[in-house]
Amino acid sequence: MNHSSSELPRIVVIGGGFAGINVVKALKNTAVEVDLVDKRNYHLFQPLLYQVATGELDATNIAVPIRKILWKQKNARVALGEVTNIDFDKKLVQFDGGELDYDYLVIATGAQQSYFGHDEFQSFAPGLKSIDDAQEIRRRLFLAFEEAEWEADEEARRKILTFVIVGGGPTGVELAGAIKEVASETLPKEFRNIDKNSSRVILVDGGPRLVGPMPEDLSKRAKDVLEKMGVEIQLNVHVNDVNEDGVVVGDETIKAENVFWAAGVQGQDLAKTIDAEIDRGSHIIVGPDLSIPGHPEVFVVGDAAHATDAKTGKPVPGLAQGAIQTGRFVAQIIKAEIEGNAPSQRPEFSYYDKGSMAMIGRGNAIAAIGKIHYGGFLGWVSWNLLHVMFLIGFRNRFKVMMDWLWNYMFRTRRSRLITGDPEVHIKKLYSEHDKRKE
């Protein structure tokens, strides 16, 4: 498939996350042709993936087909496919569905889970960057309780009901709190052989405190709340191995059947194939205008970029707001240059920090908005309102708000299907007959 023969300037955007979508939408009323290429046919709101993983939300509540988002935008087309090659000299993007030429290229491929050189950990410790990841974690989480219900071997039972989360950033903190709620509040009342004290949730991190980028007082608050919930926290420790027996943390082996990875992210593999400098995490290094040095027509936005705030000199954080702001910034540069309104020198990107938040548990979250730090129920309400605003579509917003309210009132989670063909592994089958003979 080749691009149309239109004489309009052609912009190709790779990636349909927050950065890519905002580039396309910001060019809606510009005389250009825009092609968005993504290997998925949906836009995903990643900050709520942990709620899909723990049964609070359905995947359809946080993902919207890209074509549905852009169907009214006449100058935009969508291509489903994975980009295999970018030729800067020919200005050509090749993907497994065809090829597209461009006048401007925007790389918005996002990030993937990083195992810091230990990709062999992945099969034992799934990350949380996609719907498939979330559904795999959900499957393992709820299958563990089904196995433990009929496991008579106490050592095997403890291993099944031990959940280790690697990484104490916002994702790790949110996942640990949610799993502890599931284990101590939601499921015990539905199982006959499991009580609220049967499971262990262990959160490990190599840093000195949780949610490191947030203010220290909120880090302490998060730790205190999680420990009060019953989450075991180990800081300043490093994971040396993850295998079928569990996790090796320092010199200690934690026997666990369920290990979930939230320790870091890196750029997509595409970054390693193009003629551009990348950092240790495979993020593409860009200039102050977010273009690749030597290729002013090629921009990198969102999590794919190693970008620096022009005013503060600090790295642009890998948050939804960073992706949205970089996407809109690049779109404005492209629009100004196409319409002949560009200044003599391109503007430099500066990130506007609107604050950060993290959910800790039911009715409890922490928030930092400028110099204002708060938590508890007010933080929980703020977190909910902010995240609902980011969702696309009234139906999704309404459904998510109703699910949150229902789950808060009744301490339940309704999206708990174990998909696929579950295989239950039990070392020693619990037998009521044997128990009666005793």
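1. Burial is graded here by relative accessible area: a residue under 20% is buried, one over 50% is exposed, and one in between is partly exposed. Glu136, with a relative accessible area of 24%, is therefore partly exposed. The model under review is a predicted one.

2. Glu136 forms a salt bridge with Arg140, the N to O distance being 2.6 Å. Both residues belong to helix α4, where they stand four residues apart and are thus separated by about one helical turn. Arg140 is buried, its relative accessible area being 19%, whereas its partner Glu136 is partly exposed at 24%. The value for Arg140 falls in the buried class because that class comprises values under 20%. The pair is also part of a wider arrangement, since a network of salt bridges links Glu136, Arg139 and Arg140.

3. Helix α4 takes part in a further salt bridge, through Asp132. The side chain of Asp132 meets that of Arg40 at 3.9 Å, N to O. A salt bridge is counted when the nitrogen lies within 4 Å of the carboxyl oxygen, so the pair at 3.9 Å qualifies. Arg40 is placed in the loop between β2 (33-38) and β3 (42-44), while Asp132 is in helix α4 (residues 131-149); the pair therefore ties together parts that are 92 residues apart in sequence. Arg40 is partly exposed, at 34% relative accessibility, and Asp132 is likewise partly exposed, at 43%.

4. Helix α7 (residues 216-229) holds both Glu227 and Lys223, which are four residues apart and hence separated by about one helical turn. Their side chains form a salt bridge with an N to O distance of 2.9 Å. Glu227 is partly exposed at 35% relative accessibility, and Lys223 is partly exposed with a relative accessible area of 27%. The count of salt bridges in the model comes to 14.

5. Turning to the interior, the largest nonpolar core has 122 residues. The members that touch the most other members are Ile62, Ile86, Leu105, Ile107, Phe145 and Leu203. This core draws at least three residues from domain 1 (10-39 + 81-113 + 265-339) and at least three from domain 2 (120-263 + 362-410). Apart from it lies another core, of 15 residues, which includes Val166, Val242, Val249 and Val259. In soluble globular proteins, nonpolar side chains tend to be buried together.

6. Which residues does Leu203 contact, leaving aside its neighbours within four places in sequence? Leu203 is in contact with Ile165, Gly167, Gly168, Gly172, Val173, Ala176, Leu210, Leu226, Val231, Glu232, Ile233 and Gln234. Among these, Glu232 and Gln234 lie at the bounds of strand β13 (232-234).

7. Two residues merit inspection of their backbone. Asn236 is not a glycine, yet its phi is positive, at about 60°. Asn236 occupies the loop between β13 (232-234) and β14 (239-243). With a relative accessible area of 52%, Asn236 is exposed, because the exposed class begins over 50%.

8. Ser282 also has a positive phi, of about 65°, although it is not a glycine. Its place is in the loop between β18 (265-267) and β19 (284-285). Is Ser282 buried or exposed? Ser282 is buried, with a relative accessible area of 5%, whereas Asn236 is exposed at 52%.

Technical notes: Residues are numbered from 1 along each chain as its sequence is written. This is a predicted model: local features need pLDDT of at least 70, side-chain atom pairs count only at pLDDT 80 or more; totals for chains, interfaces and linings use all residues. Side-chain values use heavy atoms; hydrogens and water are left out. A nonpolar core is a set of buried Ala, Val, Leu, Ile, Met, Phe, Trp, Tyr and Cys residues joined through side-chain atoms within 4.5 Å. Buried means under 20% relative accessible area, exposed over 50%, partly exposed in between (1.4 Å probe, protein chains only). Domain bounds come from an automatic or database domain assignment. Contact means heavy atoms within 4.5 Å.
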